[in-house]
Amino acid sequence: MTSVAPTNADLAMADTTLAQPGQPAGRAPRRFTVNLRQSGIYVAFALIVLLFTVLTDGAMLQPQNISNIIVQNSYILILAIGMILIIIAGHIDLSVGSVVAVTGAITAVLTVNMGVPWPLALVITLIAGALIGAWQGYWIAYFGIPAFIVTLAGMLLFRALTLTVLGNQGIGPFPEEIRTLSNGFTQGYLGNVGLGPLGGADLFSLLVGITAVAGIAITQWRTRAARLGYHQAVDPLPTFLAKIALAAFLVLGIVVQLARFRNLPWVLVLLAALVLGYSLLMNRAVFGRQIYAVGGNLQAAVLSGVKVKSNVFWIFVNMGVLSALAGIIFAGRLNQAGPTAGNQFELDAIAAAFIGGAAVQGGVGKVVGAITGGLIMGVINNGMSLIGAPSEQVMLVKGLVLLAAVAFDVWTKRRAGAAR
């Protein structure tokens, strides 16, 4: 049997548990250890959900509310996937909100005003997003202008372009297929199955959840076996199994609640595909490893032969495509493209990345972490809405959560430096 080489993420996690003196390399210590920097975000997410569940008398975890959280935050989560790549590489993108607006306007003009078939309109919109990303990526990667300046200019430029296309009015309604992608749910292909006191639930959705759990368990087991094969430290087996069990409980819990409501939202299916694809890209592909190298140590990356300019260019192209996809989803959800669409989306996407564990200096971050950060923001918005909190309190809490996340990142770095 051939062994699987460890990924950059695996190597970065190699020091989470250190062998005790006298133990052979690769054998886990007989004690429970937790990497606060990597596990803290998930613990915080669970505590926030628990808090709002108590404050709302269980309304937070009702099937319809879970579905609402996913659908209402889907476009932010899509943006967070692209943003985490850019932040890992040591850059920032302030233009994504305006790109969401202009690409939503392009979709509306094509489908509503010009009658272009919706599949062709979506392809054209995604190409437009790629061209926008290429425009900004060129100035950043090859002309050497800081990303902050280029994307700040892009924020103004593409917002102006949106106002030029739409004026002061929205364009809609969108075709049914686009609305279904944004707000629709999968069909009950296999019928319902009884779950005792929980009532009926869609069998197909449950099978999807079980398959996802099996995939997580197999992937993590193979990763653990590979690290043992390379004599790297791993979690003790009971700790490893506890983490798998917790992940399985969370995934199946969410899927069961969704299956009891209206099945799986199509945007959740899309998000799952994006998370899986980009996680593989960042953890298994050469391109992903090079992004970590560029953000972690630029000079070392250059000396190692990494094509830094090309990598930076393509992550901004990718951000443009994902912004266009988010623009389609957002416009389809509202059933119209408006001139104010995407306002402050860039701030939410950046906050999701940093709350999810990205480092301010770059070189650190995970796609799953960015998704978790985005969900934390969504849960805060939803939970405080359920308890009737005014908007200023929502902004106050979100600001404090962001500040705490970045402060925690700085503290863990100083603590690690002092330990050396």
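Here is a short chat about how some labels in this predicted model are earned.

User: What makes the F185 and F261 pair edge-to-face?

Analyst: Two values settle that. The ring centres of F185 and F261 are 6.0 Å apart, and the cut-off for a pair is 6.5 Å. Their planes make an angle of 85 degrees; over 60 counts as edge-to-face, so the label fits.

User: Which parts of the chain does this pair tie together?

Analyst: F185 sits in the loop between α8 and β1 while F261 belongs to helix α10, so the pair joins parts 76 residues apart in sequence.

User: Is F185 buried or exposed, and how do you know?

Analyst: Its relative accessible area is 11%. Buried means under 20%, so F185 is buried. F261 has 29%, which lies between the 20% and 50% limits, so F261 is partly exposed.

User: Why is the pair of W221 and F240 called tilted?

Analyst: The angle between their planes is 55 degrees. Stacked needs under 30 and edge-to-face needs over 60, so this pair falls into the rest, called tilted. W221 is in helix α9 and F240 in helix α10.

User: What sits over the ring of F240?

Analyst: The charged end of R224 does, 5.3 Å from the ring centre. The distance limit for this label is 6 Å, so that value passes.

User: Why does V269 count as partly exposed?

Analyst: V269 has 33% relative accessibility. That is between 20% and 50%, so partly exposed is the right label. V269 is in helix α11 and helps make a nonpolar surface patch of about 600 Å², together with residues including L207 and W266.

Conventions:
Residues numbered from 1 in each chain as written. Predicted model: local features only at pLDDT ≥ 70, side-chain atom pairs only at ≥ 80, totals over all residues. Heavy atoms only, no water. Patch = residues over 30% accessible without salt bridge, like charges linked within 9 Å, V, L, I, M, F, W, Y side chains within 5 Å. Areas by Shrake-Rupley, 256 points an atom, 1.4 Å probe, with all protein chains shown as cover. Salt bridge = Lys/Arg side-chain N within 4 Å of Asp/Glu carboxyl O. Helix = DSSP H or I, 4+ residues; strand = E, 2+ residues; numbered from the N terminus. Buried < 20%, exposed > 50% of the residue type's maximum accessible area, 1.4 Å probe, protein only. Lys NZ or Arg CZ within 6 Å of the ring centre and 35° of its normal.
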